[in-house]
Amino acid sequence: MDCDCDFLLPCRESWEAHYSNCSSIWCKENNETAKNKDGTIRLKNKHLSSLEYDVLYHLGLDTKNNDLQTMFGDVKFVCMGGTKKRMKDFAVYIANVLQLPNEGLVNITKNSHRYAMYKIGPVLSVNHGIGVPSMTILLQEVIKMLSYAKAKDPIFFRIGTCGGLKIPAGSVVISSWALNGILEKSYNLIHIEVKSFLQPIMGKVHKLPSFFDKRLNQELHFLASEETGFETFIGGTMAADDYYQGQARLDGPFCDYSEADKMSFLNQLIDIGVRNIEMEATAFAALTSKAGLRAADVCVTFLDRLNGDQVTSSNSKLAEFQERPMVVVGKYISRYYETKLK
């Protein structure tokens, strides 16, 4: 199978030679093609073909009453984040960056009363709520929606906030891999299986590797390096199932460990290359990879967890911080749009 990488930037020394979903790589590792030959998403579920039509319940859409190909066939970028406001703000931001109209911005999924999704040209901006369960519902229905729409080679970004580890508040972290909260010691300190999304299916726990596309990260980091107002790091991310004890915080309603225990745990994470803690990265990495989709997780830190647990910056400062992942992802989308789509 020939290489089908559509590089945004020319390869530099030490960069990966391919994207991880390149057909030449994927076929060798998986004995199958990641997507259809035309770049559309291949759904790996034979049972879908037996449905009269598919109801994307949490999006308020379906394949019978909505012309998904007309609505979403031109989508190239899916940008996801936690809150409805952040993703509406991103839709306005990316419209300005791409110089596209945003008058009468409409929440396409308003009938579901669950998520908010906006479309600006080839860009979808949609919120996914907090945590893996809410995010994976949204992600899986968007994957199905874009498959039915015959969108070609869509690229997924998660734009989020997080707690940093030994890096200043306001730094941007591009996740290289995601770690679950079960740190099993081994001769190599941490089993590779903790860099996995643990998905219970019919009473059994399935482990899906949670690694992000190295070449995409390298391109994002290079574009981010052009920004002088903040630092950008590539590193591991811990995705917790809980905001308080699951992230070793001391300020929740329950806590049965000491501050020394907390600091020991956080330093262990730092020692293995973790730069930030949030609540979605494992599943986001695992499911986009399983679908053969290029994806990146770009988050801004609200605090350095070594210095405390509570977010104390002013609302204006936090608003400024939240724009930084938008700037990084916006630079990538803008460069791609100008050179390949316009």
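Let's start with how the chain folds back on itself: of the contacts between residues with a separation of 6 or more, 72% join residues 24 or more positions apart. Keep in mind that this is a predicted model.

What does that look like overall? The chain has 342 residues, and a compact globule of that length would have a radius of gyration near 20 Å; the chain has 20 Å, so the two agree. Laid along the principal axes, the C-alpha atoms fill a box of roughly 55 × 45 × 45 Å. Of the 342 residues, 52% count as buried. The accessible surface comes to about 16300 Å², and carbon and sulfur atoms hold 49% of that surface. As for secondary structure, you'll find eight helices and twelve strands.

For a small piece to look at, go to β4 and β5. Strand β4 covers residues 117-120 and strand β5 covers residues 123-127, and the two pair in the antiparallel sense over four bridges. If you'd like a spot to click on, Y118 has S125 in β5 as its bridge partner. The two strands form a hairpin with two residues between them. In that turn sits G121, with a positive phi of about 55 degrees. While you're there, a general point helps with viewing: in a regular strand the side chains alternate between the two faces of the sheet.

Now for the annotated spot. Which residues does UniProt mark as "binding site"? The unreviewed entry puts that feature at Q247 and R249.

Take Q247 first. You'll find Q247 in the loop between β10 (232-239) and α6 (259-271). Is Q247 buried or exposed? Its relative accessibility is 4%, and buried means under 20%, so Q247 counts as buried. Setting aside residues up to four places away in sequence, Q247 touches A240, D242, L266, I277, E278, M279 and R305. One of these, L266, carries a number that falls within the α6 range of 259-271.

R249 is also in the loop between β10 and α6. With a relative accessibility of 2%, R249 counts as buried because the cut-off is under 20%. Leaving out its neighbours within four places in sequence, R249 is in contact with Y243, Y244, C255, Y257, L303, R305 and D309. Put the two contact lists side by side and R305 turns up in both. To see the annotated pair in context, then, you could centre your view on R305, which touches Q247 and is in contact with R249.

Methods
Residues are numbered from 1 along each chain as its sequence is written. This is a predicted model: local features need pLDDT of at least 70, side-chain atom pairs count only at pLDDT 80 or more; totals for chains, interfaces and linings use all residues. Side-chain values use heavy atoms; hydrogens and water are left out. UniProt positions are given in the numbering used here, feature names are shortened, and annotations may be inferred rather than shown by experiment. Buried means under 20% relative accessible area, exposed over 50%, partly exposed in between (1.4 Å probe, protein chains only). Contact means heavy atoms within 4.5 Å. Two strands pair if DSSP finds at least two bridges between them. The radius of gyration is taken over C-alpha atoms; the globule rule is 2.2 Å times the number of residues to the power 0.38. Accessible areas come from the Shrake-Rupley method with a 1.4 Å probe; for residues, only the protein chains shown count as cover.
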